[in-house]
Structures are given as C-alpha cells and as structure tokens.
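Biologist: Could you take me through one part of this model at close range, and then through what surrounds it? I would enjoy a connected account rather than a list.

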Amino acid sequence: MDSISLLQRLVRIPSPNPPGDTRAMADFVAEQMRGIGCDVRQLAPDAKPDALNTIALLGVGEPRIMLHAHIDTVPIAATEAERWSVEPYAGEVRDGALYGKGSIDDKAPLASMMLAMMAAAEQDSLTGTLILVAAAEEEVGGQLGTKWLADSGHLPACDFIVVGEQTGNKVATAHKGVMRATVRASGKSVHATNPDRGVNAIVAMSKVIGAFADYHRELAKRAHPVVGFPTCNIGVIEGGSTANAVPDSCTITLDRRMIPREDSEAVKAELRAVLESVNLAPASVTIGDFVYSPWFDSALDSDYAKAFMSCAREVIMDDPGPIGYLPGSDAKHLTEVARGDMIIFGPGSYEVAHAADEHVRLADYQATTDILLKFLRRTLYH
C-alpha cells in the first residue's frame with residue numbers, strides 16, 4: 001500500500017490508553033512485517049496481556065539499527081470529542097494533512113518506519129540488522145511496554161536508535177525527567193466562628209506553595225543546552241470540606257522536571273529542604289509518594305549520528321539541530337540498549353498531539369520517510 005493508505009490503516013485501528021489494548025495495532029504491524037520477510041516476535045507482560053508489542057527484525061549481524069515507535073494513543077476525552085471537526089478514527093485527508101487520533105502521536109513516525117523497513121526488504125545488499133519496535137504503554141509511562149521489553153532482555157543492543165516522536169523533523173538528543181511528589185499538611189479542625197482555636201492546614205500549605213514558587217524561580221539559574229531549565233510546578237491542590245470549618249488537611253501534588261545529569265536522590269533532598277525552610281508550626285507537613293521518570297541525553301558523536309544529521313539537513317534544507325524534546329519519550333527506557341547514539345525524531349509538533357483535530361501534514365510525513373530511507377541507504381546498503 002502507499003504511504004497515505006498505510007497511515008490511514010494505522011489511524012483506523014483505535015488504540016487508546018487507557019485501557020491500553022494494543023493487540024489489533026500490534027497484529028497489523030506484525031502482519032505487514034511478516035509479509036516482507038521479517039522475523040517477527042510479539043510479546044506482552046503477564047501483568048497486562050493486552051499490552052502487546054511487536055518486534056520485527058530484518059537482516060543479520062552488525063551493525064544493528066533500531067527504529068522505535070509506540071502504538072498506543074491517549075484516549076478521546078468527552079469534552080474533546082465535541083471539538084473534533086472530523087471522525088477521529090477515519091484518517092481523513094484534508095488540505096494537505098491527514099487527521100485522526102494518533103495520526104501524529106505516534107502513528108506517522110511508525111508508518112514512516114514501516115515504509116523504511118519495506119524499502120530495506122527490497123534490497124539485496126542489506127548489511128547488518130534493522131529492527132522495528134512497535135511498543136505498547138508509552139502514553140502511561142512505558143513501564144509495561146518498552147521498559148519491560150528492555151529489562152526482560154527482549155531488545156538487542158543497538159549501534160543507533162531512532163525513537164519516533166514529534167520533533168518537526170529536527171534531531172532531538174535530550175528530554176527532561178520527572179519527579180512527582182505529594183505534600184500533606186495537617187492541622188486541627190474547629191468551627192469557623194472562632195478559627196484561631198484551630199490550626200488551618202490550607203494556610204500552612206500556602207506558605208509551602210510560596211516556598212516552592214521561590215524554588216522554581218531559583219531553578220532558572222540552571223540550564224541545559226537543548227532542554228532549557230528545570231522547573232517545579234504545583235499541579236493539584238485539595239483541602240477542606242466546607243467554608244464554616246477550619247480545614248485540618250491540605251494536599252498538593254508537585255511536578256519537578258529534571259534536566260539531564262540531575263540526580264534523582266539529590267532532587268528529593270532539595271524538595272525536602274524546601275519544606276524544612278518554612279516555619280509551619282503548629283501545623284505539620286510531610287512529603288512523600290515520590291515517582292521518578294528518568295531523563296534522556298545522548299551525544300551525536302558516532303558516524304551513524306553524523307550520517308543521520310546530514311540526511312536530515314539535505315531533506316529539510318535547514319539546520320536539523322540538535323534540539324531538546326520537551327515531552328518525555330520511551331528513549332529513557334532504551335539507554336541500556338543503546339551502545340551508540342540515540343535520537344528522538346519525527347514529523348510535526350507535540351503541541352498538535354493529545355488534542356482535538358490531531359493531524360500530520362503530509363509533506364512533513366513524507367520528509368520523515370525520505371530522511372529514514374536516505375539514512376538507511378547510506379548506512380546499511382552496500
């Protein structure tokens with residue numbers, strides 16, 4: 001099938017996560033890859049059999065180059081559904097763009113990679129191994145998708161890895177990590193007619209919020225060359241039950257974005273130190289429930305990376321970077337598999353993803369495909 005038909009077929013297979021049932025998507029990719037002669041494996045963790053992954057291998061020996069894209073999408077929220085101007089799973093082409101849930105995140109990168117695999121299968125002079133990974137679970141952190149595949153030994157060490165995401169066909173070499181935490185303030189509840197008899201947990205938390213706002217401003221003094229500054233955001237606050245009672249509890253949830261090279265334990269210590277810097281007596285405040293998602297950082301030192309940069313420059317006729325990728329990706333789970341450089345790359349912008357009327361410009365999709373084809377001709381065909 002042609003490139004547009006392939007992408008339409010992918011968009012027309014819903015794979016929202018939650019619930020994260022990727023079996024239909026994984027089966028379609030597997031069928032296409034078997035049809036061109038790939039060695040195909042389909043794997044899912046016992047903890048979630050519906051989170052099916054497909055791995056397709058073409059060729060043998062060294063070098064090994066991996067093309068990775070995820071096959072789950074975010075779901076369509078009820079409020080979002082009303083804002084779609086097209087049927088979300090139809091793959092409609094309009095004004096030079098293909099619309100649909102998952103069209104840019106991440107089915108266009110996947111389709112370009114499948115087309116690259118199909119072109120490679122037609123070559124008699126393929127040297128080395130080309131690996132396509134169609135992974136589940138990325139939209140919910142990748143723990144039962146790419147991380148499970150890597151930790152279970154299902155992914156071979158590779159000399160170069162391309163992780164498909166939305167970079168405007170520039171080459172991204174880093175993204176931030178995330179440390180999330182919950183802060184809880186405890187006070188004493190009394191009737192609001194005489195609030196001074198109690199201890200207002202919301203008032204105590206307001207001091208904590210101010211301290212974290214100061215901490216966020218201090219973080220701007222640190223910088224990474226492509227992903228910018230670390231940040232600290234308060235995304236959720238909950239407390240109190242009624243206006244005529246002093247609240248005895250208040251909770252906030254923090255999102256601390258980490259730049260590459262920041263240490264997770266050091267960041268935890270910083271968050272604790274922020275709390276300790278505030279006099280909250282007689283209220284008490286604790287921090288916990290830490291959840292860490294790693295950052296990713298890669299160089300562009302290898303011959304493969306230099307070749308990819310050259311191919312991108314020739315196709316887009318612009319400086320391909322390197323740039324930073326502000327959202328996260330499954331690249332963070334592939335660092336032990338990458339024995340060489342790893343990049344994040346694909347068409348369009350992440351700002352179009354996760355939204356009504358998600359779409360990919362067909363010219364951008366074609367450029368992604370052309371860059372991958374040019375790169376493989378330069379590195380794996382002899």
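**A close look at the four-stranded sheet and its surroundings**

Modeller: Happy to! Let me start with one pair of residues: Asn-233 stands opposite Asp-255 in β11. Please keep in mind that this is a predicted model. The pair belongs to a longer run of pairing, since 8 bridges join β10 to strand β11, residues 249-258, and the two run antiparallel.

Now widen the view to the sheet. It is an open sheet of 4 strands, in the order β10-β11-β9-β12, with antiparallel pairing. The edges are taken by β10 (231-239) and β12 (284-293), each of which has a single partner strand, so one side of each is left without a neighbour in the sheet. From one strand to the next, the twist averages 20°.

Two helices cover this sheet. Helix α6, residues 201-219, lies across β9 (177-186), β10, β11 and β12, and runs at about 10° to β11. Helix α7, residues 264-276, also packs on the sheet, where it touches β9, β11 and β12. The direction of α7 makes about 160° with that of β12.

There is another open sheet to visit, this one with 3 strands in the order β4-β5-β16, again with antiparallel pairing. Its edge strands are β4 (93-94) and β16 (359-361), and each pairs on one side only. Strand β5, residues 97-99, pairs with β16 in the antiparallel sense over 3 bridges, and Ala-97 stands opposite Arg-361 in β16. Here too helices pack on the sheet. Helix α1 touches β4, β5 and β16, and its direction makes about 20° with that of β5. Helix α9, residues 362-379, touches β4, β5 and β16 as well, with a direction at about 70° to that of β16.

Helix α1 has a helical partner too. α1 (residues 3-11) and helix α4 (residues 103-121) pack at an angle of about 135°, with their axes 9 Å apart. The two helices are therefore oblique to each other, and their crossing is right-handed. On the α1 side the contact is made by Ser-3, Leu-6, Leu-7, Leu-10 and Val-11; the residues from α4 include Ser-103, Lys-107, Leu-110, Met-114 and Met-118. Sorted by character, the residues of this contact divide into 10 nonpolar, 2 polar and 1 charged.

Next comes strand β2, residues 53-60, which is mostly covered, with 6 of its 8 residues buried. 5 bridges join strand β1 (residues 39-43) to β2, and these two run antiparallel; Leu-43 stands opposite Asn-53 in β2. β2 also pairs with β6 in the antiparallel sense, over 7 bridges, and there Leu-57 stands opposite Ile-131 in β6.

Following the chain out of β6 brings us to a last residue. Glu-137 sits in the loop between β6 (128-135) and α5 (146-151). Is Glu-137 buried or exposed? Its relative accessible area is 5%, under the 20% cut-off, so Glu-137 is buried. Leaving aside residues up to four places away in sequence, Glu-137 touches Asn-17, Gly-20, Lys-48, Ala-51, Asp-72, Gly-142, Leu-144 and Gly-145. Glu-137 and Asp-21 are 116 residues apart in sequence, with 9.0 Å between their C-alpha atoms in space.

Methods: Residues numbered from 1 in each chain as written. Predicted model: local features only at pLDDT ≥ 70, side-chain atom pairs only at ≥ 80, totals over all residues. Heavy atoms only, no water. Axes fitted to C-alpha atoms, helices over the stretch in contact; angles between N-to-C directions. Parallel < 35°, antiparallel > 145°, perpendicular 65-115°, else oblique. Left-handed = near helix turned anticlockwise from the far one by under 90°. Contact = heavy atoms within 4.5 Å. Nonpolar A, V, L, I, M, F, W, Y, C, P; charged D, E, K, R; others polar. Pairing = 2+ DSSP bridges. Buried < 20%, exposed > 50% of the residue type's maximum accessible area, 1.4 Å probe, protein only.
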